[in-house]
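User: I'm new to this structure and would like a close look at a single part of it. Could you pick one helix and walk me through what surrounds it?

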Amino acid sequence: MGSPEPPGGGYLHLAAVASPVGTARLLQLAFGCTTFSLVAHRGGFAGVQGTFCVAAWVFCFALSALVLACEFTQLHGCLRLSWGNFTAAFAMLATLLTATAAVVYPVFFTRLRCPAEPEGCTARDFRLAASVFAGLLCLAYAAEVALTRARPGQVASYMATVSGLLKVVQAFVACIIFGALLYDSRYTRYAATQWCVAVYSLCFLVTVAVVALSVMGCTGGLGCPFDRLVVVYTFAAVLLYLSAAVIWPVFCFDPKYGQPWRPLDCARGHCPWDSQLVVAIFTYVNLLLYTVDLAYSQRIRFVPAL
């Protein structure tokens with residue numbers, strides 16, 4: 001009969017909570033739970049903006065709890081995922097979501113003046129506190145991104161590199177563009193603006209596919225070096241976004257096709273010109289992101305299985 005297994009046989013990974021990254025994840029859970037509890041208890045939320053904020057906080061809290069539980073029990077080895085890619089991609093996405101919520105909630109719901117009863121000053125105080133913790137929550141996710149990001153010359157999972165993190169940001173910015181396009185942007189008026197929409201859609205789909213393949217650990221079975229495919233795609237995306245960055249402003253703001261200035265009779269919050277301006281701004285943002293991505297993707301070193 002063999003000797004019994006020694007107690008504490010390595011089933012629990014204490015470094016998952018004792019390391020700097022583990023501490024950041026514990027803070028994420030604490031700040032996330034506090035934020036949406038304050039909002040749900042007395043702070044309140046309403047409309048699309050409030051629903052988005054609460055959904056973002058709950059989603060990030062749930063996945064953070066799952067990540068921490070899997071790290072602590074080491075069950076992530078049973079998942080058919082590239083764990084390093086998954087956690088890096090999620091941390092970046094959570095940073096973007098919580099940063100957006102940390103801006104949206106105070107803008108739409110927080111005021112220094114007390115609202116009328118029955119809400120009163122108590123609701124104002126809860127909203128102010130929720131806004132503070134929402135900012136701290138964003139900083140906690142940003143800290144994880146900073147701690148897990150691959151350093152120059154370090155071999156790491158693709159999503160932990162600058163190029164991989166930028167892929168998440170690019171997809172997030174594309175979602176903002178799509179939101180503005182759907183909000184009465186009148187992009188169907190010209191074939192040229194429809195081309196721009198096709199550019200946004202194509203680049204978004206391929207970027208999401210790159211992230212998904214990395215997270216699922218399927219980059220090794222493509223029949224071609226993944227890093228080379230990424231560089232070729234990123235170069236193509238720069239060219240495509242460059243065309244959109246030229247075409248969209250011409251067909252929306254040139255006097256021959258559109259309006260260079262905001263119409264005076266255009267209602268605030270219900271103006272196609274505003275949506276067109278948002279699309280133009282974030283087109284240039286994504287063009288810059290893809291250009292930086294192309295520069296960094298020339299010198300990354302990553303291991304698909306990490």
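Analyst:
**A close look at helix H7**

The buried residues of H7 are Ala192, Thr193, Cys196, Val197, Val199, Tyr200, Cys203, Thr207, Val210, Val211, Ser214 and Val215. Here "buried" means under 20% relative accessible area, while exposed is over 50% and partly exposed lies in between (1.4 Å probe, protein chains only). Before going on, a word on the source: this is a predicted model, where local features need pLDDT of at least 70 and side-chain atom pairs count only at pLDDT 80 or more, though totals for chains, interfaces and linings use all residues. Residues are numbered from 1 along each chain as its sequence is written, and side-chain values use heavy atoms, with hydrogens and water left out.

So what is H7 like as a helix? It covers residues 191-216, 26 in number, and reaches 37 Å from its first C-alpha to its last. That is close to the 38 Å expected at 1.5 Å a residue (the expected span is 1.5 Å times one less than the number of residues). Helices here are DSSP runs (H or I, at least four residues), numbered from the N terminus. Just after H7, Gly217 takes a positive phi of about 70°.

And what covers those buried residues? The cover includes helix H4 (83-109), helix H6 (162-182), helix H8 (226-253) and helix H9 (272-297). Contact, by the way, means heavy atoms within 4.5 Å.

H7 also has a share in something bigger. The largest nonpolar core (a set of buried Ala, Val, Leu, Ile, Met, Phe, Trp, Tyr and Cys residues joined through side-chain atoms within 4.5 Å) has 80 residues. Tyr200 and Cys203 are among those with the most contacts inside this core, a list that also includes Trp57, Leu181, Tyr241 and Trp248. The elements giving two or more residues to the core are helix H2 (20-43), helix H3 (47-73), H4, helix H5 (120-148), H6, H7, H8 and H9. H4 gives the most, with 15 residues.

Take Trp57 from that list: leaving out residues up to four places away in sequence, Trp57 touches Thr35, Phe36, Val39, Thr98, Ala101, Tyr105, Ala134 and Leu137.

One last stop, away from H7, is Gln28, which sits in helix H2. Gln28 counts as buried because its relative accessibility is 1%. Its side chain makes a polar contact with the side chain of Ser64 (3.4 Å). A polar contact is a pair of N or O atoms within 3.5 Å; within protein, one must be able to donate a hydrogen and the other to accept it, and residues adjacent in sequence count only if both atoms are side-chain atoms.
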